Amino acid sequence: MRLLLDQDVYALTARFLADRGHDVVTAAERGLHEAEDRRLLEAARLENRILVTRDRDYGALVFLEAVGTGVLYLRGLPSVITAIHAQLERVLEIHSQAELTDAFVVVEPGGFRFRRR
């Protein structure tokens with residue numbers, strides 16, 4: 001899976017994804033550490049990547065304005081990161097890159113919600 005990680009995603013999550021063989025780049029690696037949400041979504045689309053974020057504000061851009069690409073929204077506090085990682089791994093096993101490119105997925109400790117644009 002090709003993923004672009006927003007600046008708010010924990011380094012632990014970046015390692016978790018890379019260790020599982022995913023093609024992971026961070027916003028900072030792309031010089032986008034201070035970029036606006038719209039710019040990050042556009043960068044992810046141009047690179048054929050799914051955006052991974054902890055910022056819930058992307059929903060409006062994805063659904064109301066149809067900006068960018070798919071989003072994996074990691075919802076939860078650092079204390080539940082292991083549970084979030086378990087659900088994130090499940091999402092990435094069940095869904096293809098193409099399916100995720102057209103979706104907004106809320107990943108949380110108890111499961112995930114998959115919604116198409």
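# A guided tour of the predicted model

A search of the whole structure finds one aromatic pair, and this pair makes a convenient starting point in what is a predicted model. Select Tyr-73 and Phe-104, whose rings form a tilted pair with 6.3 Å from centre to centre and 35° between the planes. Tyr-73 lies in strand S4 (residues 71–74) and Phe-104 in strand S5 (residues 103–108), so the pair ties together parts that are 31 residues apart in sequence. Colour the two residues by accessibility next: Tyr-73 is buried, with a relative accessible area of 11%, and Phe-104, at 8%, also counts as buried.

**Helix H1 and its buried side**

Move now to helix H1 (residues 11–19) and select Thr-13, Ala-14, Phe-16 and Leu-17, which are buried. On which side of the helix do these residues lie? They cover an arc of only 160° around the axis, which puts them on the same side of H1. As general background, an α-helix has 3.6 residues a turn, so residues three or four places apart point the same way. If you then show what surrounds this side, the cover over the buried residues of H1 includes strand S1 (2–5), strand S2 (23–26), strand S4 and helix H4 (81–94).

Stay with Thr-13, which lies in helix H1 and counts as buried at 1% relative accessibility. Not counting residues up to four places away in sequence, Thr-13 touches Leu-74, Ile-81, His-85 and Leu-88. Before leaving this helix, select Gly-21, which comes just after H1 and takes a positive phi of about 90°.

**Where H1 meets H4**

Show H1 and H4 together and look at how one passes the other. Two packed helices are described by the angle between their axes and the distance between the axes. Here the axes of H1 and H4 come within 11 Å and cross at roughly 35°, and the crossing in which H1 passes H4 is right-handed. To see the side chains involved, select Leu-12, Thr-13, Phe-16 and Leu-17 in H1, which meet Ile-81, His-85, Leu-88, Glu-89 and Leu-92 in H4.

**Helix H2 and the loop that follows**

Go next to helix H2 (37–46) and select Leu-40, Leu-41, Ala-43 and Ala-44, the buried residues of this helix. They cover an arc of only 160° around the axis, which puts them on the same side of H2.

Just after H2, select Asn-48, whose place is in the loop between H2 and strand S3 (50–53). Is Asn-48 buried or partly exposed? At 43% relative accessibility, Asn-48 counts as partly exposed. The backbone here deserves a look, since phi of Asn-48 is near 55°, a positive value in a residue other than glycine. For comparison, most residues other than glycine have a negative phi.

Then follow the chain through S3 to Asp-57, which lies in the loop between S3 and helix H3 (58–63). Asp-57 is partly exposed, with a relative accessible area of 48%. Add Asp-37 to the selection and draw a distance: the C-alpha atoms of Asp-57 and Asp-37, which are 20 residues apart along the chain, are separated by 8.1 Å.

**Gln-97 and the start of the chain**

For the last stop, select Gln-97, which is found in helix H5 (residues 97–101) and counts as buried at 18% relative accessibility. What does the side chain of Gln-97 reach at 2.8 Å? It reaches the backbone nitrogen of Arg-2. Leaving aside its neighbours within four places in sequence, Gln-97 is in contact with Met-1, Arg-2, Asn-48, Arg-49 and Ile-50, so that list includes Asn-48 from the loop between H2 and S3.

From Gln-97, step across to Met-1, which is found in the segment before S1 and counts as partly exposed at 22% relative accessibility. Leaving aside neighbours within four places in sequence, Met-1 is in contact with His-22, Asp-23, Leu-92, His-95, Ser-96, Gln-97 and Leu-100. Finish by drawing the distance from Met-1 to Leu-92: these residues are 91 apart along the chain, and their C-alpha atoms are separated by 7.6 Å. Leu-92 is also among the residues of H4 that meet H1, which returns the tour to the helix crossing.

Definitions and conventions:
Residues numbered from 1 in each chain as written. Predicted model: local features only at pLDDT ≥ 70, side-chain atom pairs only at ≥ 80, totals over all residues. Heavy atoms only, no water. Phe/Tyr/Trp six-rings, centres within 6.5 Å; stacked < 30°, edge-to-face > 60°. Helix = DSSP H or I, 4+ residues; strand = E, 2+ residues; numbered from the N terminus. Buried < 20%, exposed > 50% of the residue type's maximum accessible area, 1.4 Å probe, protein only. Polar contact = N/O pair within 3.5 Å; in protein donor to acceptor, adjacent residues only side chain to side chain. Contact = heavy atoms within 4.5 Å. Arc of directions from axis to C-beta. Axes fitted to C-alpha atoms, helices over the stretch in contact; angles between N-to-C directions. Left-handed = near helix turned anticlockwise from the far one by under 90°.
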